[in-house]
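Trainee: Could we go through this one together, starting with whatever sits inside it?
Mentor: Sure, pull it up and ask away.

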Amino acid sequence: MKAKALFDRDFVVGDTDPRLFGAFIEHLGRCVYGGIYEPGHPTANEKGFRQDVLDLVKELAPTIMRYPGGNFVSGYDWEDGVGPVEQRPRRLDLAWMTTEPNLFGTNEFIDWCRATGIEPMLAVNLGTRGADAARRYVEYCNHPGGTTLSDLRKQHGWAQPHGVKFWCLGNEMDGPWQMETKTATEYGRIATEAAKMMRWVDPSLTLAACGSSARNMPTFGAWEEEVLEHTFDHVEFISLHTYLNNYKDDPQAFLASADLMDSFIEEVVAIADAVAAKRRSAKRLMLSFDEWNVWYRTRGKREGRTIPGWPVAPPILEEIYNMEDALAFGGACISLLNHADRVKSACLAQLVNVIAPIMTENGGPAWRQTIFHPFAQMSNFGRGRVLRGLVDSPTYATDYYDPRGTQELHFPLPAVPYLKLSAVHNAGSGHVTLFVLNRHLDEALAFETELRSFGPLAVEQATQLRHDDLKAVNTKERPDQVAPEPLRGIDCGPGSLRVSLPPASWCMIRLAPAA
Ligand code: AHR
């Protein structure tokens, strides 16, 4: 099987925004407690942050971190998570049916971000709370001082304002599972009022309105249009969420499913631009893909995914990722990169233990899941200008199914290219990096690409992520069973590159200007 591509340094999609490589920490399961924060762990520092996790986060290289939810935020009183720890309340969390001890809150999160060099992104509660609580939260975090709320932050030990720029106006407000879910009109109104007041407190904010919580929501499309009719002048971003699934155990369909993210992005862009056109507005909203991942084993109904007895930090949503998950995940990375012109922010959901690239054991080690690797490569080497390629690949037909409540939605995919790829050119360093997925399960792909007007290039690094067993996973005992290995046999000539891509593989080929 053969496939071809052509790239020219002047044919460009757009520059990757650093915020494209974000992730997400929610008060959910062991993401915070036992994940990033575990006082008493052998590697914990004086703030209770696990150093072994910090080291892996550094390697993963997320750039921005969304917090504190997620479904959790729609019932969260931010005031519960600040002030002397011993005075903080314990609350029932109705999103995940757990007890929230509030030992970790906004100020600790900001400290954790500062320790990692990651930009904080905060979400406000537009479920059980509203615009008033949101503007007070901004005042507490960002106002320099001289008011009761900003002085309270100082009294709590954080003299300097946190300077949080990126704020999400609620979470998945279209979903019936959300506390105080809303219609598009109700949400559009409350989001507008919250945005107005939050920005009056701090004019430098960047705001994201909630789009649909999935492309398969019955209200998708109509929701975006109505919400943007209200919020268009008040926000810079509209959000999207997607979780890919393989619950039919059909790898070929699963690997194709990332292409539905491309459709979702293009559809949301079309709706946002239609709202702009109706206003004769030159403003272009950007997309915040602020939850994306593979998630299906630990999904489903609330009763099945929670543990009775209102536990603190139970081991829920601990998806163990295998080789084929990493491939579908790699396809999603390529979808995001190839829309770098409009997707200017994205968050892998989530960071540790909960549907996460990093797993830990309480009191024990931390290790990399299979999906860790495509993300780390994308974040470390995907900075620059995404090129608009011409791709010629054989295709296959498949059928993807996505559950919605008790229904099963059918998405026929009649022409899925076996080759899915993205190329990123860093004009500063001269590097060209190819991220390439071969979706054929049994056949290698003879891949040939023309690289026009880059000058002579040489292979600096090339890796393949593959395993004979698509179900192979990384565990505490075998943490590197699925890990990148050298990709050999690359023929890099003047303006061209030829390589055989192994079946069912994700490869990264990094080219540098030849000396
Ligand atoms: O990431 C897990 C959950 O998925 C989030 O809390 C919610 O926003 C989404 O439904």
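**The ligand and the core**

Mentor: Let's start with E291: one of its polar side-chain atoms lies 2.7 Å from an oxygen atom of the ligand. Keep in mind that this is a predicted model.

Trainee: How much of the ligand does the protein bury?
Mentor: Picture the ligand taken alone first: it exposes 280 Å². Then put the protein back and see what gets covered. The share of that area buried by the protein is 96%.

Trainee: Which residue has a polar backbone atom 2.9 Å from an oxygen atom of the ligand?
Mentor: Look among the residues around the ligand, which include G70, N71, W96 and N171. N171 has a contact too, but there an N or O atom of the side chain is 3.0 Å from a ligand oxygen. The backbone one belongs to N71.

Trainee: Which helix gives the most to the largest nonpolar core?
Mentor: That core has 145 residues, and W112, W167, L169, Y187 and W292 have the most contacts inside it. One helix, covering residues 323–337, gives 10 residues. That top giver is helix α10.

Trainee: Why does this core lie between two domains, and which ones?
Mentor: Check who gives residues to the core. Both domains do, so the core lies between them: domain 1 (2–9 + 387–513) and domain 2 (17–384).

Trainee: How many residues are in the other core?
Mentor: This one lies apart from the largest core. Its members include L434, F454, L457 and L487. The count is 23 residues.

Conventions:
Residues are numbered from 1 along each chain as its sequence is written. This is a predicted model: local features need pLDDT of at least 70, side-chain atom pairs count only at pLDDT 80 or more; totals for chains, interfaces and linings use all residues. Side-chain values use heavy atoms; hydrogens and water are left out. A nonpolar core is a set of buried Ala, Val, Leu, Ile, Met, Phe, Trp, Tyr and Cys residues joined through side-chain atoms within 4.5 Å. Buried means under 20% relative accessible area, exposed over 50%, partly exposed in between (1.4 Å probe, protein chains only). Helices (H or I, at least four residues) and strands (E, at least two) are DSSP runs, numbered from the N terminus. Domain bounds come from an automatic or database domain assignment. A residue is near a molecule or strand if one of its heavy atoms lies within 4 Å of it. A polar contact is a pair of N or O atoms within 3.5 Å; within protein, one must be able to donate a hydrogen and the other to accept it, and residues adjacent in sequence count only if both atoms are side-chain atoms. Accessible areas come from the Shrake-Rupley method with a 1.4 Å probe; for residues, only the protein chains shown count as cover.
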